[in-house]
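Me: I'm new to reading protein structures, and I'd love some help with this one. Could you go through it with me, one question at a time?

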Amino acid sequence: MDYQFKDIEQKWQQFWAENHTFKAEDNSTKPKYYVLDMFPYPSGAGLHVGHPLGYIASDIFARYKRLKGFNVLHPMGYDSFGLPAEQYAIQTGQHPALTTEANIATYRRQLDLIGFSFDWSREVRTSSPDYYKWTQWIFMQLFNAWYDKKADAAVSIDVLINHFETEGSAGIDAVCDDDVQSFTADEWRAMSHNDQQSELLKYRLTYLRESTVNWCPALGTVLANDEVKDGVSERGGYPVEQKKMMQWSMRITAYAERLLQGLDTIDWPEPLKEMQRNWIGKSTGASVKFSIENDTEKVIEVFTTRVDTIYGVTFVVLAPEHEYVAELTTPEQKAAIDAYITKTKKKSELDRMADTKTVSGAFTGSYVINPLNGVKVPIWIADYVLAGYGTGAVMAVPSGDQRDYLFAKYFNLPIIPILDSQNTEKEADPTKEGHYINSDIINGLEYKEATATVVAKLEEIGAGKAKINYRMRDAIFGRQRYWGEPVPVYFKDGLPYLIEESDLPLVLPEIDKYLPTESGEPPLGRAEGWSYKPHPNPPREGGLNEPTGKVSPTGGDLEGAGGYEYELSTMPGWAGSSWYWYRYMDAKNDKEFASKKAIEYWKDVDLYIGGSEHATGHLLYSRFWNKFLKDIGEVFVEEPFKKLINQGMIQGRSNFVYRLLDELGRGTNMFVSHGLTKQYNTSAIHVDVNIVENDVLDIKKFKAWRPEFADAEFILESGKYLCGVEVEKMSKRYYNVVNPDDIATRYGADTLRMYEMFLGPLEQSKPWNTNGIEGVFKFLRKFWKLFHNEQNQFSVTDGQPSKAELKSLHKIIRKVEEDVERFSFNTSVSSFMIAVNELTDLKCNNRDILQQMVIILSPYAPHICEELWSLLGNAPGTISYALYPKFNPEYLVEDEFAYPISINGKTKINLSISLSLDPPAVEQFVLASPDVQKYLDGKTPKKVIVVKGRIVNIVL
């Protein structure tokens, strides 16, 4: 029987599905190993050959770990909320759930086709109510918690309320808003319920606040920073502007230090860890308060890492969005300030941070007072200061900071040198060397002593203090879209309250269309009759439920009213992916997001594979939520992902045809082969790579590809049309997308799996090129033939393997083990080819050798190995839980050597001789050989030279 890969692969995929071959046990005497892929968003286009790269690698490792005796959890699901399905719904009116369901069906079919060993009994979908019930539940726990700096952990809001009721605000050290009040216990108890709730909102780990956001009018939603590229939305390329909105936020900044320290405990790529460190942006410095001229109450607070330069401050810069800008602006400056703010709104924050060359700003007309020398300093606004970073204000020291220097030069503001070593004629000098000048109390001092002196003075006069700052901001947690998790909150008197846990999940309501309402509310504002009716006597849980029962938002009786309005925003795309690995541990649990027993057994993810593009999004938010869940006793580990590998991208290999241009530069109907283009004036056009093979265009298919090419003519070279080539991102717009279905249909899934690994190291990006796929396909056919005779009948022999066979086997046992453990899958594929060539040359069909070869190859090519395992007489499906062969180094010890035998310097034959023989014994053995005697022709050698383990030379 020849290698019928289609029948074999279909047979075993069906077997695995019917027998739940890869179902993980939640309790096992085996050690556990949790292998996880970043689950995909199910797009309408389905998978291209670049997508499965990481999945194949993780599947090889999962299968290998099973062979090594581990109880492996290797699940898969779908990050199924997302903007593309909603955009499609806006265009077509089709409910996003229907689009998503169809897309998932495509993905599942494609994933099954490649033969992954996923435990599909644990599949999750973030858009399923039985999943997002628990996303909503986690949101509720965050709402009902605050961060206690003394405990360095999240604590129940009940603890905070109890402290307020008994001791007031004294003694509370929390991560909270800057404008929290100070009050006694009596004053707290005297506050109205609404005032208490407003104050608690300043402490909660998820809270409402007016924030500057990336607003995309075309998409009708707020976008995260990583969803904005060059001032436009990453999806669709629509303009994005800065806008102030009431937004839900997550107080991720409370975990900044723990997120930073945790990076030292996990095995992640160093570049990715560095990206997170930079995003968190820890800096040590001081907070300084500048009083505003003619205002005894307000101050402008800045954070600086160079408080020693305070005497060099010649202006203060506020973010255009700063809350004080309007009242600081004098009538004379109002037009200039308003124009500048309008201009700034058109730039994204990323653009503002990236543009270091353009100098712009506007003077407010107001001044602050330097707290140490009483000098009056002008207040400007400029777009290089961001409202959400630090305090939204900076003290500008042009002698030491280049951006401040350029600003001062442009607007003719003073530049005061503060160190005797500074040279500021052409640019700012940020040196810390030398002694201070023009600096009053620190004149003559050096950097370290000067810094301590300034901080001490600021603390003495109440104008500042030493401080650690983090660049990272709280994470905005709302999107003005439909297709996302509803936020389990209703509003009364403008304040948010949680719905009852017993009312979860809060399910997305049906709406007539998926656009914002005519009044500008999010799409959920279209839902009819969608409002919350509290239970008659709701329990007071941590101040998060309305305690007085039936009170309408207007203060009247709720009876007869429609109920309270829900939050109309939905959760962001990262909500459902910030805890999903725990749901896989106990996917069908309807009582909790996962049982303590399951969480205690699986604990964390041992191997996580996915793209580095998630460094400051999903991978940061997941670590944040995990730490919070640990704080409240729901999980047991501080870090969710022990080891992370970022797979490289498989790039597209684009092909081009070259259209001949006429004298006016217009395209003609003639196409010139690539090698002849220098002779003509042509224009390159992307062509579908699926109608090109080995860079030769299928002319017939090209004419059928698009109507305008039906009558195309060609200038050929050697009778062929050769296409141009370029490596680009794999994308539909470049016509270079290769569908894995097509590869699997033509060559088989095992060939696809091995070839994707063969392309190069897992972490590196590499172009897709099918030119080498035939070699992998031929290798599998050659492997199949080891088990079959010349009549294609299955034929293996029992008996003792030869030394050469054992040597080939144990070389590959060791090589694959070493390669897989270090994730060097590409080198294993080469080694498999060498091993099979060696065994073919040895005409090996020994059962013992071949059975172990099947086990070793099975993680890479599971279908063919399942079939051969079964043909060898083993129970179907048991190969997945067989034991990986044990390497024996004795079989690699060389005890013989094939000596080249030369006569008068010319090699005639090779003789295998024991390496234990000394040179005289080797000489005796050689001269006694009948084969050597033939060449001696009865002559007696004059001399025999033996170099042990290398060569024998006979001189006649």
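Reply: Happy to help; below we take two sheets, a pair of helices and a proline in turn, keeping in mind that this is a predicted model.

Me: Let's begin with the sheet that holds S1. In what order do the strands of this open sheet with parallel pairing run?

Reply: This sheet is an open one with four strands, and the pairing is parallel. Its edge strands are S2 and S24 (641-646), each pairing on one side only. Averaged over neighbouring strands and ignoring direction, the turn of one against the next is 20°. The order asked for is S2-S1-S23-S24.

Me: Which residue in S23 stands opposite Asp37?

Reply: S1 has parallel partners: S2 (residues 71-73), over three bridges, and S23 (residues 605-610), over three bridges. Towards S2, Tyr33 of the pairing stands opposite Val72. Towards S23, the residue opposite Asp37 is Ile609.

Me: How many of the six residues of S1 are buried?

Reply: In a regular strand, side chains alternate between the two faces of the sheet. On one side of S1 we find Lys32, Tyr34 and Leu36, and on the other Tyr33, Val35 and Asp37; both faces are covered. Buried here means under 20% relative accessible area. For S1 (residues 32-37), the number of buried residues is six of six.

Me: What angle does the direction of H2 make with that of S1?

Reply: H2 packs on this sheet, where it touches S1, S2 and S23. Angles over 145 degrees count as roughly antiparallel. The angle between the directions of H2 and S1 is about 170°.

Me: H2 also meets H23. Are H2 and H23 parallel, antiparallel, perpendicular or oblique to each other?

Reply: The axes of H2 (residues 52-67) and H23 (residues 803-821) come within 11 Å and cross at roughly 125°. Roughly perpendicular covers 65 to 115 degrees, and roughly antiparallel starts over 145. The crossing angle fits neither range, and H2 and H23 are therefore oblique.

Me: Which residues of H23 make the contact with H2?

Reply: H2 passes H23 in a left-handed crossing. From H2, the contact is made by Phe61, Tyr64 and Lys65. By class, the contact has three nonpolar, no polar and three charged residues. On the H23 side, the residues are Glu817, Val820 and Glu821.

Me: Now for Pro859. Is Pro859 buried or exposed?

Reply: Pro859 sits in the loop between H25 (847-857) and H26 (862-871). Leaving aside neighbours within four places in sequence, Pro859 is in contact with Ile60, Arg63, Tyr64, Leu67 and Arg753. Its relative accessible area is 2%, and the cut-off is under 20%, so Pro859 is buried.

Me: How far apart in space are Pro859 and Thr184?

Reply: Along the sequence, Pro859 and Thr184 are 675 residues apart. From C-alpha to C-alpha, the distance in space is 66 Å.

Me: One more sheet, please. Which strands stand at the edges of the open sheet S20-S19-S22-S21?

Reply: This open sheet has four strands, and the pairing is antiparallel. Each edge strand has a single partner strand, so one side of each is left without a neighbour in the sheet. The edge strands are S20 (495-498) and S21 (531-532).

Me: And which residue in S22 stands opposite Ser531?

Reply: S21 and S22 (residues 564-566) pair in the antiparallel sense over two bridges. Opposite Ser531, the residue in S22 is Glu565.

Notes:
Residues numbered from 1 in each chain as written. Predicted model: local features only at pLDDT ≥ 70, side-chain atom pairs only at ≥ 80, totals over all residues. Heavy atoms only, no water. Axes fitted to C-alpha atoms, helices over the stretch in contact; angles between N-to-C directions. Parallel < 35°, antiparallel > 145°, perpendicular 65-115°, else oblique. Left-handed = near helix turned anticlockwise from the far one by under 90°. Contact = heavy atoms within 4.5 Å. Nonpolar A, V, L, I, M, F, W, Y, C, P; charged D, E, K, R; others polar. Buried < 20%, exposed > 50% of the residue type's maximum accessible area, 1.4 Å probe, protein only. Pairing = 2+ DSSP bridges.
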